[in-house]
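Please open the model in your viewer and keep the sequence panel beside it. The tour below moves from one selection to the next and says what to look for at each stop.

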Amino acid sequence: MSTTRHFIYEEIAADLAAGRYRAVVTRFPPEPNGYLHIGHAKAICLDFGMAAAFGGRCHLRMDDTNPAKESMEYVEAIQRDIRWLGFDWGEHFYYAADYFERMYECAVHLIRTGRAYVCQVPQEEWKHYRGVPTEPGRESPYRNRPIEESLDLFARMRAGEFPDGSMCLRAKIDMASPNLHLRDPVLYRILRVPHYRTGNRWVIYPTYDFAHPLEDAFEGVTHSLCTLEFEVHRPLYDWVIQSCGFQPPPRQIEFARLNLTYTVMSKRRLGELVREGHVRGWDDPRLPTLCGMRRRGYPPEAIRKFCDEIGVTKYDSLTEYALLEHYVREVLNLRAPRRMAVLDPLKVVIKNFDDSVVREVEVPNNPENPAEGTRRIPFGRELWIERDDYRDDPPPDFYRLAPGRAVRLRGAGFFTCRNVVRDSSGRPIEIHGDWAPASARLKVRSTLHWVSVAHAVPIEVRLYDHLFTIPDVSAIPDDDDYRRYLNPRSLVEVRGWGEPALAATPPGQTVQFERLGYFCADSEDFRPDRYVFNRTVTLKDSPLATAGRG
RNA sequence: UGCCGGAUGGUGUAAUGGUAGCACCGCAGACUCUGGAUCUGCUUGUCCAGGUUCGAAUCCUGGUCCGGCAACCA
């Protein structure tokens with residue numbers, strides 16, 4: 001839980017100190033029309049975090065006032081992702097749709113008190129009435145129609161007597177306001193679209209600006225935290241609350257949404273990437289969706305720490321993806337069991353072993369946590385090592401294998417390269433040399449991971465990299481196509497060899513392939529006869545970070 | 001050129017009139033059976049111009065730049 005004292009924390013504390021509210025009630029109000037992403041995680045951590053920090057509660061509410069794009073599939077996915085992130089809304093799960101009747105009553109109240117009217121200006125034409133930011137608008141010719149008439153029309157709108165778009169309910173506020181949202185905004189529209197929750201019961205639906213403040217008020221929300229783009233809506237939010245007479249009024253406070261380098265967060269673009277097949281679904285590990293990150297192997301704790309660290313401000317920032325990766329590594333370093341796997345194999349033959357020599361070596365499961373014990377790994381005459389760990393002509397800063405040079409084999413003594421077998425093009429295919437036990441205490445500068453050829457299990461590995469080639473995707477102008485900047489190598493699939501224990505990795509479990517990075521047994525495709533791993537993140541600054549990429 | 005909001009190292013974020021700090025990134029070193037981890041050190045910052053004050057990132061005035069707002073979306 002966050003203990004950070006950002007400006008919203010201070011505002012809430014001040015409200016409490018001033019006695020404006022007795023307890024803190026927040027809410028996370030997603031519209032069930034898409035999957036949650038890391039940007040939502042920031043809001044979730046904030047909403048649940050502030051409630052927890054002040055001993056209050058946080059509601060989960062589906063903001064489902066537009067039936068055209070909402071569905072139960074998303075409702076379930078949203079709940080799953082929030083639980084996975086580590087938050088619990090208890091009994092406080094709500095649907096805005098369940099408030100439709102009460103919202104309708106509030107609308108009637110506004111009409112009765114002269115604060116709303118039924119307007120018949122066609123949508124297209126309304127543009128001319130609304131005006132532009134620099135000039136005041138004009139009043140609707142229906143603005144001053146008798147209250148009884150609006151009441152009658154509104155009831156008949158509900159009864160389905162009028163076609164979609166033929167009329168709407170408007171708040172009567174101020175057509176000259178410099179804030180466009182106050183120029184008689186629409187409160188209800190006619191929409192003959194079945195709702196996933198209320199079916200065909202309604203043909204009129206409240207708009208966000210009308211529904212949201214009411215939802216908050218109905219639930220006794222005290223602090224309604226939302227992103228910056230709603231700042232200009234706040235006067236309207238307050239207007240609805242006040243006009244309907246709710247006390248104490250919930251307070252809307254806005255903060256900057258999260259932007260991350262090398263990725264996109266907009267529902268529209270995420271949806272396009274999925275629909276157009278640039279990725280393999282909403283849970284593609286390259287996507288910043290929570291289900292994608294789960295499948296990628298990101299621990300929820302890392303995401304929470306990240307959200308804590310980035311803070312809460314009103315500054316429109318662009319956070320480096322590296323910071324998220326930092327927390328992923330930090331958490332995984334302590335938790336992920338170590339394993340050995342080779343992604344770009346090169347054969348090593350130990351000449352002073354005969355074919356019958358098969359031994360086992362014992363290595364720690366996690367040097368960061370000795371309590372996790374050790375495991376035994378078969379070791380033999382033929383080993384796979386990483387092709388990149390050998391150079392014919394090593395540069396000065398290359399400490400690994402080269403002609404005549406010795407290295408340590410992880411947990412298995414030393415190996416000295418004596419000669420190299422090549423194919424017709426001169427490419428090394430086997431490195432021959434001698435083995436020496438750990439007691440030989442050879443002076444070497446590096447340790448290599450390896451897998452016994454005779455015991456290796458075949459693994460399929462999906463190497464993931466940034467989805468985009470440029471850090472600031474939002475900087476791409478509208479007349480350019482952001483798809484041009486998709487990273488063609490955001491997914492590279494390779495086949496390698498792993499130590500036997502890898503075959504028993506539970507799907508969803510993340511392990512560290514020593515010297516390479518963290519890899520997660522794929523929750524969909526890993527099976528008893530097919531070992532599929534997703535690279536969660538490379539080890540920091542590892543020279544093998546790009547191993548297997550050809 | 002209307003309204004709302006914002007501006008502190010490469011990035012993110014503290015400092016609420018009193019030594020500009022932390023984290024990430026990067027670089028260097030120590031240590032290490034992972035070129036990982038760990039430890040140590042280092043580089044780089046208050047948008048600009050005035051003003052108030054003993055003292056300004058902070059307060060005032062004027063600018064500059066950036067973001068948002070003209071769906072019957074949320």
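Two strands are taken to pair if DSSP finds at least two bridges between them, and strands themselves are DSSP runs of E with at least two residues. With that in hand, the hairpins of this predicted model can be followed strand by strand.

**The whole chain**

Begin with chain A in full, where twelve helices and 25 strands are assigned. The C-alpha trace spans about 100 × 50 × 40 Å along its principal axes, and the radius of gyration of chain A is 30 Å, whereas a compact globule of 550 residues would have one near 24 Å. Buried residues make up 54% of the 550 residues in the chain. Of the contacts in chain A with a separation of 6 or more, 71% are between residues 24 or more positions apart.

If you switch to a surface, about 24200 Å² of chain A is exposed, and carbon and sulfur atoms supply 48% of that area. Colouring by charge brings out 75 positive and 78 negative side chains, with the centres of the two sets 3 Å apart.

**Strands 4, 5 and 6**

Select strand 5, residues 168–171, next. In a regular strand the side chains alternate between the two faces of the sheet. Here Cys168 and Arg170 point one way, Leu169 and Ala171 point the other way, and all are buried.

Now add the strands that pair with strand 5. Strand 4, residues 116–119, pairs with strand 5 in the antiparallel sense over four bridges, and within this pairing Cys168 of strand 5 is the bridge partner of Cys119. Strand 6, residues 186–190, is also antiparallel to strand 5, here over three bridges, with Tyr188 of strand 6 standing opposite Leu169.

Before leaving this region, select Asp184 in the loop between strand 5 and strand 6. Most residues other than glycine have a negative phi, and most peptide bonds are trans. Asp184, however, is a residue other than glycine with a positive phi near 45 degrees. Is Asp184 buried or exposed? Its relative accessibility is 0%, and Asp184 therefore counts as buried.

**The seven-stranded sheet**

Move on to the open sheet of seven strands, which are arranged in the order 19-16-17-18-12-15-20 with mixed pairing. Strand 19 (447–448) and strand 20 (451–452) stand at the edges with a single partner strand each, so one side of each is left without a neighbour in the sheet.

Within this sheet, select strand 16, residues 406–409, together with strand 17, residues 414–422; the two run antiparallel and are joined by three bridges. Arg408 has Phe414 of strand 17 as its bridge partner, and Val407 stands opposite Phe415 in strand 17. The hairpin made by strand 16 and strand 17 has four residues between the strands, among them Gly411, which takes a positive phi near 70 degrees.

Extend the selection to strand 18, residues 428–436, which runs antiparallel to strand 17 and is joined to it by eight bridges. Phe414, already met as the partner of Arg408, stands opposite Ala436 in strand 18. This second hairpin has five residues between strand 17 and strand 18, and Gly426 in its turn has a positive phi of about 90 degrees.

**Ile350 in strand 12**

Stay with the sheet and centre the view on Ile350, which lies in strand 12, residues 345–350. Ile350 counts as buried because its relative accessibility is 0%, the cut-off for that class being under 20%. Which residues does Ile350 contact, leaving aside its neighbours within four places in sequence? They are Phe379, Gly380, Arg381, Leu383, Phe415, Gly433 and Trp435. For a distance to draw in the viewer, take Ile350 and Cys417, which are 67 residues apart in sequence and 9.2 Å apart in space from C-alpha to C-alpha.

**Two last stops in loops**

Select Gln247 and Pro248, which are joined by a cis peptide bond with omega about -10 degrees. Pro248 lies in the loop between helix 8 (234–243) and strand 9 (251–255).

Finish at Arg515, located in the loop between strand 23 (510–513) and strand 24 (517–521). Although Arg515 is not a glycine, its phi is positive at about 70 degrees. At 23% relative accessibility, Arg515 counts as partly exposed, whereas Asp184, with its own positive phi, counts as buried.

Terms used. Residues numbered from 1 in each chain as written. Chains lettered and ligands numbered in written order. Predicted model: local features only at pLDDT ≥ 70, side-chain atom pairs only at ≥ 80, totals over all residues. Heavy atoms only, no water. Rg over C-alpha atoms; globule rule 2.2 N^0.38 Å. Buried < 20%, exposed > 50% of the residue type's maximum accessible area, 1.4 Å probe, protein only. Contact = heavy atoms within 4.5 Å. Areas by Shrake-Rupley, 256 points an atom, 1.4 Å probe, with all protein chains shown as cover. Lys, Arg positive; Asp, Glu negative; His and termini not counted. Charge placed at Lys NZ, Arg CZ, Asp CG, Glu CD.
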